Amino acid sequence: RMYHGNPGGSTNYNVFCLEKDSNTRLILRATNGAPTQFTYTDDAGSTVWTTGIGTNAANTDYKAVLYMDSAGAKATRNANNIVANTAFTPVTGFVRLRLGQNVGGGQYMNGAIKRLRYWDRQFANSVYQELSSTGGAG
């Protein structure tokens, strides 16, 4: 999954949220002046993994890439080092995709999602970094 966009003047929003049910979610969160975060919550609603992958500035473009499989997850933003976690097994069966709004609605982004892409295969870490670079092919 790859995101390319600009948080605009938003103070806090979810770029995207994949939901299986009211507890199980994969979220890309962007907050101006705070780290971009990928957060994964399990069936019990417990946060299993949160990673900060670079601080956001208002009205600045950035790209973030996340890969998940049965072995765990890895993420990067703007070609930074890969952050990996193998301490959990992600859930499959997501049924809802929210774009540009927080979980449960009510808070919406004030910026742009320029591109959201999905690949059904794994790449080498160097490819993730290239995809998330500001001049990358992503």
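Helices and strands here are DSSP runs, numbered from the N terminus.

**Figure 1. Welcome to the whole protein, a predicted model with 1 helix and 10 strands.** Following the chain along its sequence, you meet the elements in the order β-β-β-β-β-β-β-β-β-β-α. The protein has 138 residues, and 44% of them count as buried. Its accessible surface comes to about 6500 Å², with 45% of that area belonging to carbon and sulfur atoms. If you take the contacts between residues at least 6 apart in sequence, 52% of them join residues at least 24 apart.

**Figure 2. A close-up of the largest nonpolar core, which has 17 residues.** Good places to start looking are Leu26, Phe38, Trp49 and Leu66, the residues with the most contacts inside this core. At least two core residues come from each of these strands: S2, S3, S4 (35–41), S5 (47–55), S6 (62–69) and S7 (72–77). Strand S6 gives the largest share, 4 residues. Apart from this core there is a second, separate one of 6 residues, and among its members are Tyr67, Trp119, Phe123 and Tyr128. As background, nonpolar side chains in soluble globular proteins tend to be buried together.

**Figure 3. A close-up of the aromatic cluster formed by Tyr67, Trp119, Phe123 and Tyr128.** Searching the whole structure turns up 3 aromatic pairs. One of them brings together Tyr67 and Tyr128, whose ring centres are 6.0 Å apart and whose planes make an angle of 35 degrees, a tilted arrangement. This pair links distant parts of the chain, since Tyr67 sits in strand S6 and Tyr128 in helix H1 (residues 125–132), 61 residues apart. Tyr128 also pairs with Phe123: the ring centres are 5.9 Å apart and the planes meet at 70 degrees, so this pair is edge-to-face. The cut-off behind that label is an angle over 60 degrees. As for burial, Tyr67 and Tyr128 are both buried, and Phe123 is buried as well.

**Figure 4. A close-up of Thr39, a residue of strand S4.** Is Thr39 buried or exposed? With a relative accessible area of 7%, Thr39 is buried, because the cut-off for buried is under 20%. Look next at the side chain of Thr39, which is joined to the side chain of Thr50 by a polar contact of 3.4 Å. Leaving aside residues up to four places away in sequence, Thr39 touches Arg25, Leu26, Ile27, Arg29, Thr47, Trp49 and Thr50. Two of these neighbours, Leu26 and Trp49, may be familiar from the list of residues with the most contacts inside the largest nonpolar core.

**Figure 5. A close-up of Asn23, in the loop between strand S2 (13–19) and strand S3 (25–30).** Asn23 has a relative accessibility of 30%, so this residue counts as partly exposed. Which residues does Asn23 touch, not counting those up to four places away in sequence? They are Thr41, Asp42, Asp43, Ala44 and Gly45. To see how the chain comes back to this spot, find Asp42: 19 residues separate Asn23 and Asp42 in sequence, while their C-alpha atoms are 6.4 Å apart in space.

Notes:
Residues are numbered from 1 along each chain as its sequence is written. This is a predicted model: local features need pLDDT of at least 70, side-chain atom pairs count only at pLDDT 80 or more; totals for chains, interfaces and linings use all residues. Side-chain values use heavy atoms; hydrogens and water are left out. Buried means under 20% relative accessible area, exposed over 50%, partly exposed in between (1.4 Å probe, protein chains only). Contact means heavy atoms within 4.5 Å. A nonpolar core is a set of buried Ala, Val, Leu, Ile, Met, Phe, Trp, Tyr and Cys residues joined through side-chain atoms within 4.5 Å. Rings of Phe, Tyr and Trp (its six-membered ring) pair if their centres lie within 6.5 Å; planes under 30 degrees apart count as stacked, over 60 as edge-to-face and the rest as tilted. A polar contact is a pair of N or O atoms within 3.5 Å; within protein, one must be able to donate a hydrogen and the other to accept it, and residues adjacent in sequence count only if both atoms are side-chain atoms. Accessible areas come from the Shrake-Rupley method with a 1.4 Å probe; for residues, only the protein chains shown count as cover.
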